[in-house]
Amino acid sequence: LFLPWMLRKREFDAIFVFAPSPITQAIPAIALKWLKKATLTLWVQDLWPESLSATGFVKSPYKLRVVGWMVSAIYRQCNTLLVQSRAFIEPVGRYAERQKIQYYPNSLDVRPSKLVVPIPLELSELLEKYFCVVFAGNLGTAQALETIVQGLRLNRSRLSSRP
């Protein structure tokens, strides 16, 4: 509510919104876009309403359709939609004009590091002896972590007989 007032003496050419979730965080940027006569770029990190449906958080087809309308309205106000995965192009394209969508992956610094940290001997021995799984990312309903654990349990004998 106070953002337009706080920015009243500033001028902008562009507004950039990093949008992991929820998509509604883009709404204040839309208002600011019109007040400042700026362009708006939204970097889509999560698919709406698909993520609501996948988590089971919203089951009503009517409510999902309403969220879809909201997503369309938000995307319509954006000049550019960046998607972090090529797999996002088609789902985002259901709610936006395709020419607005650009593939822009989350970046990774691939320059070689001068810092080399040796693996401690105890850890090295454990890695040789056991099958290790690392899940790096969000842990929540949408990630279905229980499915990964169940799959590991079902394959316990195969995993424990590792050479």
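This tour proceeds through a predicted model, from a central strand to a nonpolar core and then to a buried lysine.

**Strand 3 and its partners**

Begin by selecting strand 3, residues 80-83. The side chains of T80 and L82 point one way from this strand, while those of L81 and V83 point the other way. Each of these four residues is buried.

Next, add strand 2, residues 39-44. Strands 2 and 3 pair in the parallel sense, and four bridges connect them. To see one position in this pairing, display W43, which stands opposite L82 of strand 3.

Now add strand 4, residues 101-103. Strand 4 runs parallel to strand 3, to which it is joined by three bridges. Return to L82: the bridge partner of L82 in strand 4 is Q102. L82 can therefore be displayed together with W43 on strand 2 and Q102 on strand 4.

**V44 and its surroundings**

Select V44, a residue of strand 2. Is V44 buried or exposed? V44 counts as buried because its relative accessible area is 1%, and the cut-off for burial is under 20%.

Display the contacts of V44, leaving aside neighbours within four places in sequence: A19, Y75, L81, L82, V83, Q84, F88 and V92. Among them, L81, L82 and V83 lie in strand 3. For a distance, choose V44 and Y75: they are 31 residues apart in sequence, and their C-alpha atoms are 10.0 Å apart.

**The largest nonpolar core**

Widen the selection to the largest nonpolar core, which has 30 residues. Which of its residues touch the most other members? They are L42, V44, Y75, L81 and V92. Strand 1 (14-19), helix 2, strand 2, helix 4 (61-77) and strand 3 each give two or more residues to this core. Helix 4 provides the largest share, five residues. In soluble globular proteins, nonpolar side chains tend to be buried together.

From this group, select V92. Apart from residues up to four places away in sequence, V92 touches V44, L47, Y75, L81, V83 and I101.

**K36, a buried lysine**

Finally, move to helix 2, residues 27-36, and select K36. K36 is buried but has no salt bridge. Which side chain of opposite charge is nearest to K36, and how far away is it? It is that of E11, at 7.8 Å. The salt-bridge cut-off is within 4 Å, so the E11 distance does not qualify. With residues up to four places away in sequence not counted, K36 touches L7, R8, K9, R10 and F12.

Conventions:
Residues numbered from 1 in each chain as written. Predicted model: local features only at pLDDT ≥ 70, side-chain atom pairs only at ≥ 80, totals over all residues. Heavy atoms only, no water. Buried < 20%, exposed > 50% of the residue type's maximum accessible area, 1.4 Å probe, protein only. Pairing = 2+ DSSP bridges. Lys, Arg positive; Asp, Glu negative; His and termini not counted. Contact = heavy atoms within 4.5 Å. Core = buried A, V, L, I, M, F, W, Y, C linked by side-chain atoms within 4.5 Å.
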